[in-house]
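New to this one? Take a moment to look it over, and then we'll walk through it together.

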Amino acid sequence: VVSAANVAGPANDACANAANITLGSTNGTNVNATVDGGDSCRGNANRDVWYSFTAPCTGTLTINTCTSTLDTVVSVHSACVGTTANQLACNDDNGGQGPCPGGLTSYLTVPVTGGTNYKIRVAGYNGSQGTFTMNLSMPTAGNDACANATLVPDGTYIGDTCPATFSATDGTATCGASSSSRDVWYRWTAPCTGNLILDTCGSAYDTVVSVHTGSCGSLTQIACNDDAGTNGDCAFTLQSYLSVPVTNGTTYYIRVAGFNGASGVYALNIDQQPNDICANASTAVVGSNPFSTSCASTDGPGNCGASTTSPDVWFEYTAPCSGTATMYICGASYDTVLNAFSGVCGGLTSITCNDDAPAGPCAFTLGSYISFPQTAGETYLIRVSGFNNQSGTGTLTIESACGCDPDLNQDGNVDQD
């Protein structure tokens with residue numbers, strides 16, 4: 001006859017041999033276990049076994065043994081050996097909390113920090129022994145699933161993808177090695193036709209953003225970006241930037257994920273008209289600068305073309321050299337007005353303004369054309385609007401000629417002193 005004292009206990013009988021577990025359900029036993037720790041909520045709890053858990057992210061960990069038949073006592077500790085001195089939380093009887101119906105099983109919650117390891121002790125009250133099921137969970141993001149995508153207008157949205165999960169049926173993305181990264185979802189409906197600007201400037205990790213059309217379960221990706229590159233307010237960082245053509249009334253799904261499985265706290269900035277006011281002027285480059293005034297308001301002033309109350313957008317152009325700046329809009333969807341200023345927002349001085357192009361590649365059309373002397377390093381503010389409250393889309397083209405005289409009378413030819 002073999003006595004109970006000579007029967008080996010579970011492999012995780014000692015805290016030093018704690019079994020590694022993750023979120024989810026774990027089946028265990030304390031049959032023939034010994035005592036290797038203590039707790040403050042039930043001093044006579046013994047026959048304990050141990051588990052080692054590393055929090056995947058910062059939040060609240062919930063532990064329960066609700067479906068067990070064993071009269072459990074559960075405690076969480078910061079290290080081995082688990083004692084009352086390093087105990088973080090403890091519970092004997094659940095009191096009907098959470099999914100537990102009441103009775104002798106245990107339920108507790110404890111704040112945890114991402115990346116930190118915790119020791120979990122499961123003991124039997126007053127020497128009781130048997131099998132149990134322990135369930136570990138942390139809250140997931142409310143918009144973790146595409147079906148629960150948060151409907152948002154333009155604005156900034158802060159969240160955390162760490163508690164999120166990944167579901168292949170939700171939809172995925174083709175850039176940033178993010179096809180199976182933890183993700184959260186937003187829904188945005190275009191108030192007008194134009195360009196949607198998205199970025200994750202201010203995020204704490206390497207983000208990936210994608211935009212989709214269709215419905216959850218059958219989405220079509222229309223744009224995806226990992227790193228911003230030369231674009232936006234967080235250019236040359238690990239944050240993301242997208243400019244996406246959108247159609248009035250269409251709903252778009254926005255997925256926020258991370259590069260190669262990365263997760264963390266993000267800031268999602270949504271703006272269909274980011275350069276709607278002078279103070280938010282977009283940086284203009286020598287070459288092509290697409291724009292849309294379809295969703296713009298008026299931030300004036302307008303100095304020609306009956307444009308004082310017209311919807312407008314703004315660009316900020318810094319001259320690369322002294323000489324001549326030539327700017328024009330050709331082939332826009334509406335009758336444009338182009339105005340260049342010196343000074344600062346709120347204290348602007350008009351340099352030149354044009355409604356219908358008198359020169360350039362679209363002379364004698366409803367396009368616009370201006371030319372003016374530029375000084376190296378000087379910043380000029382450019383207002384793009386429309387004749388008599390018109391709005392639409394187009395491209396502002398900027399040319400810079402170093403050391404050349406300007407076309408002061410806008411006849412397409414340089415003027416000499």
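What follows is a short tour, from the overall build down to a few chosen spots.

## The big picture

First things first: this is a predicted model. The protein has 27 strands and zero helices. Its radius of gyration is 32 Å, well over the 22 Å that the globule rule gives for 417 residues, so the protein is more spread out than a compact globule. If you drew a box around the C-alpha atoms along the principal axes, the box would be roughly 115 × 40 × 35 Å.

How do the contacts run along the chain? Counting contacts between residues at least 6 apart in sequence, 73% join residues that are at least 24 apart.

## Surface and charge

Of the 417 residues, 49% count as buried. The accessible surface adds up to about 17500 Å², and carbon and sulfur atoms account for 51% of that.

As for charges, the protein carries 8 positive and 32 negative ones. The mean positions of these two sets lie 27 Å apart.

## A look at Leu136

Now let's zoom in. Leu136 sits in strand E9, which covers residues 131–137. Is Leu136 buried or exposed? Its relative accessibility is 4%, under the 20% cut-off, so Leu136 counts as buried.

Which residues does Leu136 touch, leaving aside neighbours within four places in sequence? Its contacts include Ile21, Thr22, Leu23 and Gly24, and also Leu61, Thr62 and Ile63. Phe53 and Ile120 are in contact with Leu136 too. Asn64 is 72 residues away along the chain, yet its C-alpha atom is 6.9 Å from that of Leu136.

## A hairpin: E14 and E15

Strands of a sheet pair through backbone hydrogen bonds, and they can do so parallel or antiparallel. Strand E14 (residues 207–215) and strand E15 (residues 218–225) run antiparallel, with seven bridges joining them. Ser215 stands opposite Ser218 in E15.

Two residues lie between the strands of this hairpin. One to look for at this spot is Gly217, which takes a positive phi near 95 degrees.

## A five-stranded sheet

Further along, five strands make an open sheet with mixed pairing, in the order E19-E21-E26-E23-E24. Which strands are at the edges? They are E19 (282–283) and E24 (347–354), each pairing on one side only.

At the E24 end, strand E23 (residues 336–344) pairs with E24 in the antiparallel sense over seven bridges. One bridge to pick out joins Val344 to its partner Gly347 in E24.

How values were computed: Residues are numbered from 1 along each chain as its sequence is written. This is a predicted model: local features need pLDDT of at least 70, side-chain atom pairs count only at pLDDT 80 or more; totals for chains, interfaces and linings use all residues. Side-chain values use heavy atoms; hydrogens and water are left out. Helices (H or I, at least four residues) and strands (E, at least two) are DSSP runs, numbered from the N terminus. The radius of gyration is taken over C-alpha atoms; the globule rule is 2.2 Å times the number of residues to the power 0.38. Buried means under 20% relative accessible area, exposed over 50%, partly exposed in between (1.4 Å probe, protein chains only). Contact means heavy atoms within 4.5 Å. Accessible areas come from the Shrake-Rupley method with a 1.4 Å probe; for residues, only the protein chains shown count as cover. Lys and Arg count as positive and Asp and Glu as negative; His and the chain ends are not counted. The place of a charge is taken as NZ of Lys, CZ of Arg, CG of Asp or CD of Glu. Two strands pair if DSSP finds at least two bridges between them.
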